[in-house]
Each structure stands twice: as C-alpha cells, then as structure tokens.
Amino acid sequence: MGLLKQLKNIFEFAYTKDEPVMEQMSEEEYKQIFLNGRQKEDIETTYKKAWEAKNFEIEHYWKRANYFWAFQVASFAGYFTFISSKGYETNPQVLYFIICIGFITCLAWIFTNKGSKTWQRHWEIHVDMLENEITGPLYKIVTAPKTYSVSKINEIVSRFINTIWIILAIKYFIDNLTLKYTTFSNVDFLVWLSTLSVLYFVLAMTLGYGRGRFGERKVKFYKRKFKPE
C-alpha cells in the first residue's frame, strides 16, 4: 500500500484532474460585500490593503525576474564555456544537462511571470472597484490611449529565450545522436533520462502541482504539548 501511495503521489504531481471550486460573483455582490453599508474609514482601509498588495506584487514580480535572469545567465555561460572545452569531446551529455537546466528554469520563469501578472491584475481590479469612494477614479483615468506593457515585454523575452533553448536542444540531438548512434544499444540513456525528466516536470508545471486551481482547502490543526518546568 505504501508503494502504491508513493506512485500515486508521483503521478498526481505531474497530472491531476482537480478543478477550481469557485463561484462567479456579480458586481452588485461585490459592492454588497465591500461598499454598501460600510463606513468610509472601513472602505479606505480595504482600499489601502489592495493598493499595498498591488505594489507588493509589482515589486516581487521584478525580484522574481532577476532571480530567473541569474539562472539564464549562468546557464548560457555554462553552455558556451563547456562547448568550447575538451570536456565536450569526452562527455557531450553534460552540455545537454546544461540545456535542460536552462530550458526548465526558463519555462518556470514564463509561468511565474504569468502567475505574478495574474495576482497583480487581481489587486488592480480591487483598486479600480474601491477607489471611487476614496480618491475618485484616479487610477482608472490615464493620459495615453495605449502604450507598451513592461510586464508583457518581459514575458516575450522569456519566451524568446526558451525558444533558443529548444533550438540548442535540437542542435545537440543533430550533432550527437542522429548521425552518431544508429542502434538502440548505442543510445545515450543519460540524455534520454534527462529528456524524460524535463517532460515530467513540464507536465508538473502545466497540468499538475504547479497549477493554482483554487480548490477547496482541507485544513487540519494540531495542538503541540506544552509542559512548564
């Protein structure tokens, strides 16, 4: 039973059918909860919390971007250093390991960008809904009909870099597998195991543990023992 449970956990880490447990709320319901019948001081407190949370998400969006940029710089540095070294001739699969690291961290960067943007937009909508009662439509009134989205440009760059990693992976297979290995017994299993690992964690990010589904949470509380001396 223990082994089956572990296998089930491994499978559900990469794929789950859990769906969001959410109910759509109308604008009137929103106003009933946050605006109607509330004191202006209470609305202002809620508005400030939403504004602070929005700024928090923006600040941490760029901190996360810097975090993943560091991974990309290190991965590219490792790639170009190793491909020009003697180690590449004797252990070419190490280069593929670097490609896998670069690809999976870049994909994580893409999804993190999308998740951060979702939460940023979440708090911006709260600000839009609440500000009329506090400052007037200050945040909603803009001075330009259109501009460039800084966060979307960053997302485009992350997608471009991820495409480069895919191209480098294809190049690796062309250079080291397609022309060199002709029988199954000569296949480099380290490379294929790395590929399967990447696919597994890609599934985990897209269909499994990495997706925030806002399902119903089952919470347990535990009381620790306390014994005074």
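A residue is called buried when its relative accessible area is under 20%, exposed when that area is over 50%, and partly exposed in between. The legends below use these words for a predicted model.

**Figure 1. Glu-59 and Lys-63, a salt bridge within helix 3.** Glu-59 is joined to Lys-63 by a salt bridge, and their closest N and O atoms are 3.2 Å apart. The two residues stand four positions apart in helix 3, so about one helical turn separates them. Lys-63 has a relative accessible area of 46% and is therefore partly exposed. Glu-59 is likewise counted as partly exposed, because its relative accessibility is 42%.

**Figure 2. The salt bridge between Lys-114 and Glu-155.** The closest N and O atoms of Lys-114 and Glu-155 are 3.9 Å apart, and the two residues form a salt bridge. This pair links distant parts of the chain, with Lys-114 in helix 5 and Glu-155 in helix 6, 41 residues apart. Are the two partners buried or partly exposed? Lys-114 counts as partly exposed, because its relative accessibility is 38%. Glu-155 has a relative accessible area of 16% and is therefore buried. Arg-159 joins these two residues in a network of salt bridges.

**Figure 3. The salt bridge between Lys-140 and Glu-131.** In this view, Lys-140 forms a salt bridge with Glu-131, and the closest N and O atoms lie 3.0 Å apart. Glu-131 is buried, because its relative accessible area is 0%. Lys-140 has a relative accessibility of 36% and so counts as partly exposed. For context, a search of the whole structure finds ten salt bridges.

**Figure 4. The largest pocket and its lining.** The volume of the largest pocket is about 610 Å³. Its lining consists of 20 residues, and those closest to the centre are Phe-111, Lys-114, Gly-115, Gly-210 and Gly-212. Three helices each supply at least two lining residues: helix 3 (40–83), helix 5 (93–130) and helix 7 (189–206). Which helix gives the most to this lining? Helix 5 does, with eight residues. By class, the lining of the largest pocket holds six nonpolar, seven polar and seven charged residues.

**Figure 5. Phe-111 beside the centre of the largest pocket.** Phe-111 belongs to helix 5 and is among the lining residues closest to the centre of the largest pocket. A relative accessible area of 31% means that Phe-111 is partly exposed, because it falls between the cut-offs for buried and exposed. Gly-210, also among the residues closest to the pocket centre, is 99 residues from Phe-111 in sequence. In space, the C-alpha atoms of Phe-111 and Gly-210 are 9.0 Å apart.

**Figure 6. The second largest pocket and its lining.** The second largest pocket holds about 530 Å³ of space. Of the 20 residues that line this pocket, Lys-117, Glu-124, Thr-147, Tyr-148 and Ser-149 lie nearest the centre. The elements that give two or more residues to the lining are helix 3, helix 5 and helix 6 (150–178). Helix 5 provides the largest share, with five residues. The lining of the second largest pocket divides into nine nonpolar, four polar and seven charged residues.

**Figure 7. A nonpolar patch on the surface.** Trp-69, Val-73, Tyr-148, Ile-153, Ile-156 and Val-157 make up a nonpolar surface patch of about 620 Å². Helix 3 and helix 6 are the elements that give two or more residues to this patch. Helix 6 gives the most, with three residues. Ile-156, one of the patch residues, is found in helix 6. Ile-156 counts as exposed, because its relative accessibility is 53%. Tyr-148, another member of the patch, also appears among the residues nearest the centre of the second largest pocket.

**Figure 8. Ile-101 and Gln-72.** Ile-101 is a residue of helix 5. Ile-101 has a relative accessible area of 43% and is therefore partly exposed. How far apart in sequence and in space are Ile-101 and Gln-72? The two are separated by 29 residues in sequence, and their C-alpha atoms are 8.9 Å apart.

Note on methods:
Residues are numbered from 1 along each chain as its sequence is written. This is a predicted model: local features need pLDDT of at least 70, side-chain atom pairs count only at pLDDT 80 or more; totals for chains, interfaces and linings use all residues. Side-chain values use heavy atoms; hydrogens and water are left out. On a 1 Å grid over the protein atoms alone, a cavity is a set of points where a 1.4 Å probe fits but cannot get out, and a pocket is an open set with protein on both sides within 12 Å along at least five of seven lines; lining residues have an atom within 4 Å of a point. Grid points are joined across faces, edges and corners, and a volume is the space filled by probe spheres set on the points. Ala, Val, Leu, Ile, Met, Phe, Trp, Tyr, Cys and Pro count as nonpolar, Asp, Glu, Lys and Arg as charged, and the others, Gly among them, as polar. Patches are made of residues with over 30% relative accessible area and no salt bridge: like charges are joined within 9 Å, nonpolar side chains (Val, Leu, Ile, Met, Phe, Trp, Tyr) within 5 Å. Accessible areas come from the Shrake-Rupley method with a 1.4 Å probe; for residues, only the protein chains shown count as cover. A salt bridge is a side-chain nitrogen of Lys or Arg within 4 Å of a carboxyl oxygen of Asp or Glu. Buried means under 20% relative accessible area, exposed over 50%, partly exposed in between (1.4 Å probe, protein chains only).
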